[in-house]
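Biologist: Could we go through this model together? I would like to begin with the charged side chains and then move on to other topics.

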Amino acid sequence: RSWGLRTLQHKRIGGRPLTISGIHRLLTNRFYAGLLVWTGEIHQGAHEPLVTVEEFERVQRLLRRPGKPMPQRRSFPCTGLIRCGECGFMVTAEDRVNRHGSRYLYYHCTKRRLDYRCRQRSVTASQLAMALRAFLENLGVPEKLHWWAVEKVVKSRGHHQEQAVQRTTSLQHAYDETSRSLDNLTMLRVRELISDQEFISQRKVLQQEQIRLRQELSIAKLGNQWFEPAETLLSFSSRAVKWYEEGNDQTKRRIIQAAGSNLILKDKILSIDAKKPFTWLSKNADRSSLRAGLNAVRTLYESRDREFMETLHLVKIITNECESQSSLIAA
């Protein structure tokens, strides 16, 4: 920074201080030693090198530092998930031992932005865990309402299954009739009982009707499958806190990824948004909001909303792992 080095200025981008990763790319680029890589092979370039091959190789040895033991990397449940609310860079974690021999874990901004000095202070892992626990606690509805919602899903399942069977049967019958009409239309054209123009016009109408019926059949079948996701999400929300407290770093990380988004840390305060499936769950929920939430789950599932389906998949993985672990402990 003191040398005033900047990236190459273009019309809309560039002219900014070099980043650490950018400098690393420069130092590991064979082009500056007059070499080119083509189809996996190294060739001598026609351009004038800035450094010799020997100098380039020495730089690579220094970067790798042969013989130096690599530090043991630890996995932390929140790294790569939280952004600094001041500079926008990621928050990382460090495991340290103080002069008294006590080990402590804390999170802080990476402060890798070279054109700005971030002033955010670090927070301890316990402070962050308390904030995440409070967020997960808020996703759990009161026990009475939880069982009321589960009972409503079970009752709705039976009612909708009967309706779905009737609707599916009706749609399938209409679809089969349309297929037969298409076959008859083709036979009429083969026998030259109708003209090409009539054949093409009527076939277009029947094919469009077939597509519509096929789509409605798919929706009708999906409408009979949203109950399981609703039960899964209700079950997860009621047990997320327990699983978070008892789980390892990987389990904790997955639970955070499944339930929360847009994690921002600023002034030692963590803000976190609930993902789509969980926005309707909270300690202050009532029957009206839970009923609306169940309808929202049905809509998201039937529309195959990408974020919803990804979250549901992750919730199922967490549920299977945690239930398997509980079974092993019980055994």
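Biologist: What do the side chains of arginine 254 and glutamate 321 form?

Modeller: In this predicted model, the side chains of arginine 254 and glutamate 321 meet in a salt bridge, with an N to O distance of 2.5 Å. The pair links distant parts of the chain: arginine 254 belongs to helix H7, residues 249–259, and glutamate 321 to helix H9, residues 306–330. The two are 67 residues apart.

Biologist: Is glutamate 321 buried, exposed or partly exposed?

Modeller: Glutamate 321 counts as partly exposed, because its relative accessibility is 35%, between the limits of 20% for buried and 50% for exposed.

Biologist: How many salt bridges does the structure hold?

Modeller: The structure holds 13 salt bridges. One of them joins the side chains of glutamate 245 and arginine 133, at 2.1 Å from N to O. This pair also links distant parts of the chain, with glutamate 245 in helix H6 (residues 227–246) and arginine 133 in helix H3 (residues 125–139), 112 residues apart.

Biologist: Which residues are linked with Arg133 and Glu245 in a network of salt bridges?

Modeller: Glu137 is the further member, and Arg133, Glu137 and Glu245 are linked in a network of salt bridges.

Biologist: And what relative accessible area do glutamate 245 and arginine 133 have?

Modeller: Glutamate 245 has a relative accessible area of 44% and is therefore partly exposed. Arginine 133 is also partly exposed, with a value of 29%.

Biologist: Which residue does arginine 189 meet in a salt bridge?

Modeller: Arginine 189 meets aspartate 196, side chain to side chain, with 2.5 Å from N to O. Arginine 189 is partly exposed, with a relative accessible area of 23%. Aspartate 196 counts as partly exposed at 44% relative accessibility.

Biologist: Changing topic to the surface: which residues form the positive patch?

Modeller: The positive surface patch is formed by Arg1, Arg6, Lys111 and Arg117. Arginine 1 is placed in the segment before helix H1, which covers 20–27.

Biologist: Why does arginine 1 count as exposed?

Modeller: Arginine 1 counts as exposed because its relative accessibility is 59%, and the class begins over 50%.

Biologist: What makes up the nonpolar surface patch?

Modeller: Ile23, Leu26, Leu27 and Leu63 make a nonpolar surface patch of about 300 Å². Helix H1 supplies the largest share of the patch, 3 residues. Leucine 63 lies in helix H2, residues 53–64, and is partly exposed at 35% relative accessibility.

Biologist: How much area does the chain expose?

Modeller: The chain exposes about 22,400 Å², and carbon and sulfur atoms supply 52% of that area. Of its 331 residues, 32% count as buried.

Biologist: Can we look at a residue in helix H6 again, threonine 232? Where are its contacts, leaving aside neighbours within four places in sequence?

Modeller: Threonine 232 is found in helix H6. With those neighbours set aside, threonine 232 is in contact with Leu312, Val315 and Lys316. Threonine 232 is classed as buried because its relative accessible area is 16%, and the limit for that class is under 20%.

Biologist: What about aspartate 305: is that residue buried or exposed?

Modeller: Aspartate 305 is buried, with a relative accessible area of 17%. This residue is found in the loop between helix H8 (287–302) and H9. Apart from neighbours within four places in sequence, aspartate 305 is in contact with Lys276 and Leu300.

Biologist: Turning to the strands, where is leucine 105 found?

Modeller: Leucine 105 is found in strand S5, residues 103–109. Setting aside neighbours within four places in sequence, leucine 105 is in contact with Phe76, Ala93, Glu94, Asp95, Thr124 and Ala125.

Biologist: What separates the C-alpha atoms of leucine 105 and valine 123?

Modeller: Those C-alpha atoms are separated by 8.9 Å, and the two residues are 18 residues apart along the chain.

Biologist: Finally, the overall picture: how many helices and strands are there?

Modeller: The secondary structure of the chain comes to 9 helices and 8 strands. Among contacts between residues at least 6 apart in sequence, 59% join residues at least 24 apart.

Notes: Residues are numbered from 1 along each chain as its sequence is written. This is a predicted model: local features need pLDDT of at least 70, side-chain atom pairs count only at pLDDT 80 or more; totals for chains, interfaces and linings use all residues. Side-chain values use heavy atoms; hydrogens and water are left out. Helices (H or I, at least four residues) and strands (E, at least two) are DSSP runs, numbered from the N terminus. Contact means heavy atoms within 4.5 Å. Patches are made of residues with over 30% relative accessible area and no salt bridge: like charges are joined within 9 Å, nonpolar side chains (Val, Leu, Ile, Met, Phe, Trp, Tyr) within 5 Å. Accessible areas come from the Shrake-Rupley method with a 1.4 Å probe; for residues, only the protein chains shown count as cover. A salt bridge is a side-chain nitrogen of Lys or Arg within 4 Å of a carboxyl oxygen of Asp or Glu. Lys and Arg count as positive and Asp and Glu as negative; His and the chain ends are not counted. The place of a charge is taken as NZ of Lys, CZ of Arg, CG of Asp or CD of Glu. Buried means under 20% relative accessible area, exposed over 50%, partly exposed in between (1.4 Å probe, protein chains only).
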